[in-house]
Amino acid sequence: MLADAHAHLAMAPFAGDLPETLRRAWDAGVREVLTCATSWDDLEAHALLARRHAGAGVRAAAGIHPHQASSWDGSSAARLARFVEEHPEVVAIGEVGLDFHYRFSPPDAQRRALREQVTVAREAGLPLVVHCREAREDVAGILAGERAGEVGGMLHCFSEDEPFARVCLELGFHVSFSGIVTFRNAEPIRQAARAVPLDRLLVETDAPYLAPEPVRGRRNEPARVADVARFLATLRGESFEELAAATASNFRRLFPARIQAP
């Protein structure tokens with residue numbers, strides 16, 4: 001059994017074949033998928049999708065991505081908290097974080113949105129799904145300063161190095177690896193993947209993005225999390241079955257369902 005700890009199933013690339021996509025995932029052994037919102041415009045879509053496909057193990061995360069942080073204002077925290085309260089299919093606050101590579105939103109706006117979404121997570125008692133790109137010191141500082149460890153969560157699509165992975169672990173977070181770990185130039189990420197304890201490890205696709213080798217460049221989908229898990233198992237010297245079972249167990253412990261599947 002496998003869990004895809006991060007995907008975006010409400011995005012347009014899945015509009016034409018989502019049932020078939022979920023069927024392929026099930027056939028590949030995937031029993032849980034976390035579908036993550038990124039903006040005010042898609043919160044409802046991800047929550048509704050998770051409700052409709054709860055029987056396939058789909059759960060939702062609700063949050064504002066750093067690219068959209070300019071949309072965060074003085075009423076946003078209350079708005080997000082109200083949405084989470086009204087949508088029990090939401091099991092996490094995310095995708096949140098900082099991205100200083102693209103800077104589609106100003107850094108100060110990103111920091112404010114992250115700080116206040118950590119507060120929403122703490123008050124709701126939900127874990128966080130955190131994006132970090134070229135912002136490790138700021139991410140670590142905000143997570144520590146806002147007491148994010150009280151709810152924990154995961155650093156998704158980990159693309160930093162082993163020292164930062166250890167910082168995340170010390171903060172009480174899990175670390176999730178995507179198809180990036182299979183890329184030719186990803187040795188620092190592979191070093192981090194070797195260092196993360198099995199009970200704090202997650203695997204994901206970030207679908208429709210970041211398909212692993214050898215299908216890099218194609219549309220990604222949750223079934224491909226099996227490829228990431230196989231690669232990591234070989235890299236870490238563990239059996240595929242051991243790593244798959246452990247990461248699925250970690251997922252269920254971190255993101256327990258708030259509603260019963262039909």
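This passage describes the overall fold, the nonpolar cores, the largest pocket and selected local features of a predicted model.

The protein has 262 residues and a radius of gyration of 17 Å, which agrees with the value near 18 Å that a compact globule of this length would have. Along the principal axes, the C-alpha trace extends over about 45 × 40 × 30 Å. The secondary structure consists of nine helices and eight strands. Of the 262 residues, 58% are buried. Among contacts with a sequence separation of 6 or more, 77% are between residues 24 or more positions apart.

In soluble globular proteins, nonpolar side chains tend to be buried together. In the present model, the largest nonpolar core contains 78 residues, and the members that touch the most others are Leu-128 and Phe-177. The most residues in this core, seven, are contributed by helix 8, which covers residues 225–236. A separate, second core has 14 residues, including Cys-36, Val-91, Ala-92 and Leu-202. The surroundings of Leu-128 were examined further. When residues up to four places away in sequence are not counted, Leu-128 touches Ile-93, Val-96, Gln-117, Val-118, Ala-121, Ala-148, Val-151, Gly-152, Gly-153, Met-154 and Phe-173.

The largest pocket encloses about 570 Å³ of space. Its lining is formed by 20 residues, and those nearest the centre of the pocket are His-65, His-67, Asp-99, His-131 and Arg-133. Two elements give two or more residues to the lining, namely strand 4 (90–99) and strand 5 (128–133). Strand 5 supplies the largest share, with three residues. Divided by class, the lining comprises six nonpolar, eight polar and six charged residues.

Strand 4 also holds a feature of the backbone. Glu-95 is located in this strand, and the peptide bond that leads to Glu-95 from Gly-94 is cis, with omega near 15°. A cis peptide bond is also found between Ala-207 and Pro-208, where omega is about 15°. Pro-208 belongs to the loop that runs between strand 8 and helix 8.

Several further features fall in that loop. Asp-206, which is part of the loop between strand 8 and helix 8, has a phi near 60°, a positive value in a residue other than glycine. Asp-206 has a relative accessible area of 8% and is therefore buried, the limit being under 20%. Leu-210 is placed in the loop between strand 8 and helix 8 as well, and although Leu-210 is not a glycine, its phi is positive, at about 60°. The relative accessibility of Leu-210 is 26%, so this residue counts as partly exposed.

Ala-211 is situated in the loop connecting strand 8 (201–203) with helix 8. With a relative accessibility of 2%, Ala-211 counts as buried. Apart from neighbours within four places in sequence, Ala-211 is in contact with Phe-183, Arg-216, Gly-217, Arg-218 and Asn-220. Between the C-alpha atoms of Ala-211 and Arg-111, which are 100 residues apart in sequence, the distance is 29 Å.

Two arginines, Arg-184 and Arg-190, were also considered. Arg-184 lies in the loop between strand 7 (174–177) and helix 7, whereas Arg-190 lies within helix 7, which spans residues 187–195. Arg-184 has a relative accessibility of 81% and counts as exposed, the limit being over 50%. Arg-190, by contrast, is buried, with a relative accessible area of 11%. When neighbours within four places in sequence are left aside, the contacts of Arg-190 are with Val-181, Thr-182, Phe-183, Arg-184, Phe-231 and Leu-235. Arg-190 and Arg-184 are thus in contact with each other. Phe-183 is a contact of Arg-190 and also a contact of Ala-211. The C-alpha atom of Arg-184 is 8.8 Å from that of Glu-213, although the two residues are 29 residues apart along the chain.

Conventions
Residues numbered from 1 in each chain as written. Predicted model: local features only at pLDDT ≥ 70, side-chain atom pairs only at ≥ 80, totals over all residues. Heavy atoms only, no water. Core = buried A, V, L, I, M, F, W, Y, C linked by side-chain atoms within 4.5 Å. Buried < 20%, exposed > 50% of the residue type's maximum accessible area, 1.4 Å probe, protein only. Helix = DSSP H or I, 4+ residues; strand = E, 2+ residues; numbered from the N terminus. Contact = heavy atoms within 4.5 Å. 1 Å grid on protein atoms, 1.4 Å probe; cavity = no way out; pocket = protein on both sides within 12 Å on 5 of 7 lines; lining within 4 Å. Points joined across faces, edges and corners; volume = space filled by probe spheres on them. Nonpolar A, V, L, I, M, F, W, Y, C, P; charged D, E, K, R; others polar. Rg over C-alpha atoms; globule rule 2.2 N^0.38 Å.
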